[in-house]
Amino acid sequence: MFRLICLILVLCVAESVYAGKITLKSVDRPAEEVFAEVMRQSGKNFIYSSDILRGLKVRVDVKNKSLGKTLRELFKGTDIEYKIKGDNILLMRRKKEKFVPKRSISDPRLRDTDSIKVGILRDVIVDGSRNKTLAMNSTDIGALNVSKDMIARTPVIFGESDVIKTLQFEPGVSGGVEGTAGLYVHGGNMDENLYMLDNIPLYQVNHLGGLFSAFNTEAIKNVDFYKSTFPAKFDGRLSSFMDVYTRDGSNKKLNGSIRLGLTSGAAHFEGPLYKDKTTFSLSARRSWYELLTLPAVAIANSINDKEDDDFSFGYAFTDVNAKITHKFSNRSRVYALFYYGEDYLNNGTHTPEDKKNDYYDKDESRLRWGNIVASAGWIYDFTPSLWGKVCGAFTRYYSTMSTLTESATLNDGEKLNFTSNKVSSHNSISDWIIKADFEWRSSMINKLNFGASMTFHNFLPSRDSRELVADGVTTVLEGNGMDYKAREFNIYAEDNLSLGDRLKLNFGLHYSLFNITGKTKFGLSPRIAFNYHLKDNVAIKGGYSRTVQYIHQLSQSSISLPTDQWVPVIDSQSPQVADKIAVGAYWNAGNMFVVSVEGYYKWMKHLVDYKDEYYLLPPDMQWNAILAEGKGTSKGVDFKISKEFGKVSGQISYSLLWADRQFAERNGGRKYPARFDNRHKINVLVNWKINDKWELGASWTGMSGNMITLPTQCWVDPGLAPWHYNMLLKTDINNFRLPFYHRLDLSFTRHTRHGYWTFGLYNAYCNMNTIAVRMDYSNSQFISAPDENGYYSYKMIPVFQKIKLLPTIPSVSYTWLF
């Protein structure tokens, strides 16, 4: 206790000594890098036009100085002046003075516009680009920062803006099945992406089979996305890392928005609880599909025959984000956040009591799945050069599915011979997390990031139960599904080093331990990357990274379903490992466009998938006994040209990809292409601000079709029965590529005095893309002549049919701002 009191006293003294003070040293460093350090220490934001800092190098040496004195040192000897307004620092060029001849006030030649000194302050334009900084000045390859505005401007289905669908327009990223919020990065699977909410993992990020993601745009501040090289802080997945930062809330006044759309509504409120100290942010989103389908279900049931059963259907999803932040000073603040998201789906048939039948039956299915996240943390600047964040969190994904079948005969309204069969299935994963992250700037040329975390996992892959009622006797059967408890420990460190004006290096190491069922598995993940400037506007990068994954998701479909299970590596299983090499070249063209070309090669081992014909194995086998272990590779090139500012902004990208898999117990041990091996992919995204009232957004995407498995041969059975069934020849996995996919989406935004209207058109020219192929026997023939035994036969003639899903879909929504 005495040591704790001493520590608190030391921190209080440090707070009083360093509050509001800045310490930094720079010798001819780019101004943007120095500003980043000033922003971190002061909590202020810089607002300026990009041409002001073009080529500006800064030489400064201050220690425990106020913000004003620091800024005076920064801009001494330049023509740049500054103004501090609230949390913003506005930069502008100092105007030259213009002198005119002296005149008396009574001089009739003196007009109202004449003066002894003229200079006019123009509007300040915010022209900073974090993505340009990431491309040109960081060592990260394939990194992207996505703003809330960028998400809102991307045209999407039903007008539901979605961060994951925005990322699908990035080169090297595939969306999976049309219309869904899937993410397949550089040939990886969906479970190889780590989704985080303020650095806390989310295990289920989709609504309605992936049609929408669980991230409410109204709650988002910005998003960091990494796909090629990774900071040492991140591990646990093979393909990508996405961290969604939620809004802290305004410290000035209450404001927010309310949005009404065709399929859902959303509301956001934020403001101060205690001025300049405590703020809140609250966002909620709710779909109303059940309200839209209710009239259709009622009409269909009303026109049913008297003896037909009625049917029911209901679906809805809900998202709630809440965050409270308290600021002790510019150097110390705490926060608490909460997220809740859930889907439910009910459907079934039943015999209504008002229909005169001599029987009763009921068939009903219920599904419910969702996430809960709770987190609290403390962010503190121990000194001007040492920053830290400590937090604790709980995250849980759960899924429940149940089916109920009832039947009985009716006698004057009384149910006789009643039977009931109820089957339930549950799966979940829960984590308790403690973590700490630190950043130490020993100098302007060296930054060290380090930290550690401890996670307590609880896995429930599957637990089934069954309740039977017959002849008045109830029997309950409980499945033997067991849960697994695991402990995971992670520690990392990385050094960012600037060697002169042109070369930057990044060295990192991530070490992890995973203990489960008495066995400990470990992973060592080195990282190294560099950035070298050939010129001020031309950079080349290279890097190597290794990632280790201890948990994976078992999916029987290419869309996200509540039956998907998160399971750990147990017994003799090894964690999945991916090694990746990436290189890139970047050109800042005229300070308006950023052109990039990135190449990569990734090799993976200990991948997990179902064995061939696993469904033929005994049903009581443990879940890991039906899995196969294998390896894979992916390689490709990503090209992108982007423009983030001006009346017309957007990007054009192209990616070339090869991805394959090989399992000893799949496909006869032969190598085969991954399902989302989309060889060519082109994306065009354009936003045009026509005037202050109208904006136009357009996106076009085209890519090679997904890979599917189709039988190449079939033959008629030997004729042991009068029906001749076709026997299918087993063939290679993913042996057929679907037709080329392409689609145009449009959005129009009309700004009003208190908000804006958004009109959308998904698949504007109505190209019905093929999403799957099925075998059908609609072309079968009845053979009228009997065979030698006198039997008449039916010849089954198989036909492949393309399945096409989404036509042109319009949407409209209104957002009220206050």
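Two aromatic rings of Phe, Tyr or Trp count as a pair here if their centres lie within 6.5 Å. With that in hand, start at one spot in this predicted model: ring pairs join Phe-158, Phe-212, Tyr-289, Tyr-315 and Phe-317 into a cluster. Pick out Tyr-315 and Phe-317 from that group, and you'll see a tilted pair, with 6.5 Å between the centres and 55 degrees between the planes. Both Tyr-315 and Phe-317 are buried.

Across the whole structure, a search turns up 24 aromatic pairs. Another of them has a different look: the ring centres of Phe-514 and Tyr-550 are 4.9 Å apart and the planes are at 10 degrees, so this pair is stacked. Planes under 30 degrees apart are what earn that label. Phe-514 sits in strand β28 (residues 503-516), while Tyr-550 is in the loop between β30 (538-549) and β31 (551-554), so the pair ties together parts that are 36 residues apart in sequence. Phe-514 and Tyr-550 are buried too.

Rings also have charged company. Look for Lys-323 over the face of Tyr-335, 5.6 Å from the ring centre. Elsewhere, Lys-635 lies over the face of Trp-658, at 5.7 Å from the ring centre.

Now for the salt bridges, of which the structure holds 24. One of them brings together the side chains of Arg-527 and Asp-235, at 3.4 Å from N to O. Follow the chain and you'll find a long way between the two: Arg-527 belongs to strand β29 (residues 519-535), Asp-235 to the loop between β15 (220-226) and β16 (240-246), and they are 292 residues apart. Both Arg-527 and Asp-235 are buried.

Next up is Arg-247, whose salt bridge with Glu-270 has its closest N and O atoms 2.9 Å apart. Arg-247 is in the loop between β16 and β17 (255-261), and Glu-270 is in strand β18 (residues 264-274), so the pair ties together parts that are 23 residues apart in sequence. Here again, both Arg-247 and Glu-270 are buried.

Then there's Arg-666 with Asp-612, a salt bridge at 3.5 Å between the closest N and O atoms. This one runs from loop to loop: Arg-666 lies between β36 (648-663) and β37 (672-673), Asp-612 between β34 (593-610) and β35 (627-643), with 54 residues separating them. How do the two partners fare for burial? Arg-666 has a relative accessible area of 15%, so it counts as buried, because the cut-off is under 20%. Asp-612, at 24% relative accessibility, counts as partly exposed. Salt bridges can also join up into something bigger than a pair, and Glu-160, Arg-259, Arg-285 and Asp-319 are linked in such a network.

Finally, turn to an open sheet of five strands, ordered β8-β15-β16-β11-β12 with mixed pairing. At its edges stand β8 (143-147) and β12 (200-202), each with a single partner strand, so one side of each has no neighbour in the sheet. From one strand to the next, the twist averages 25 degrees. Inside the sheet, strand β11 (residues 193-197) pairs with β16 in the parallel sense over five bridges, and Leu-197 stands opposite Val-244 in β16. Helix α4 (residues 130-137) lies across β8 and β15, running at about 175 degrees to β8.

Conventions. Residues are numbered from 1 along each chain as its sequence is written. This is a predicted model: local features need pLDDT of at least 70, side-chain atom pairs count only at pLDDT 80 or more; totals for chains, interfaces and linings use all residues. Side-chain values use heavy atoms; hydrogens and water are left out. A salt bridge is a side-chain nitrogen of Lys or Arg within 4 Å of a carboxyl oxygen of Asp or Glu. Helices (H or I, at least four residues) and strands (E, at least two) are DSSP runs, numbered from the N terminus. Buried means under 20% relative accessible area, exposed over 50%, partly exposed in between (1.4 Å probe, protein chains only). Rings of Phe, Tyr and Trp (its six-membered ring) pair if their centres lie within 6.5 Å; planes under 30 degrees apart count as stacked, over 60 as edge-to-face and the rest as tilted. A charge sits over a ring if NZ of Lys or CZ of Arg is within 6 Å of the ring centre and within 35 degrees of the ring normal. Two strands pair if DSSP finds at least two bridges between them. Axes are lines fitted to C-alpha atoms, for helices over the stretch in contact, and angles run from 0 to 180 degrees between N-to-C directions. Contact means heavy atoms within 4.5 Å.
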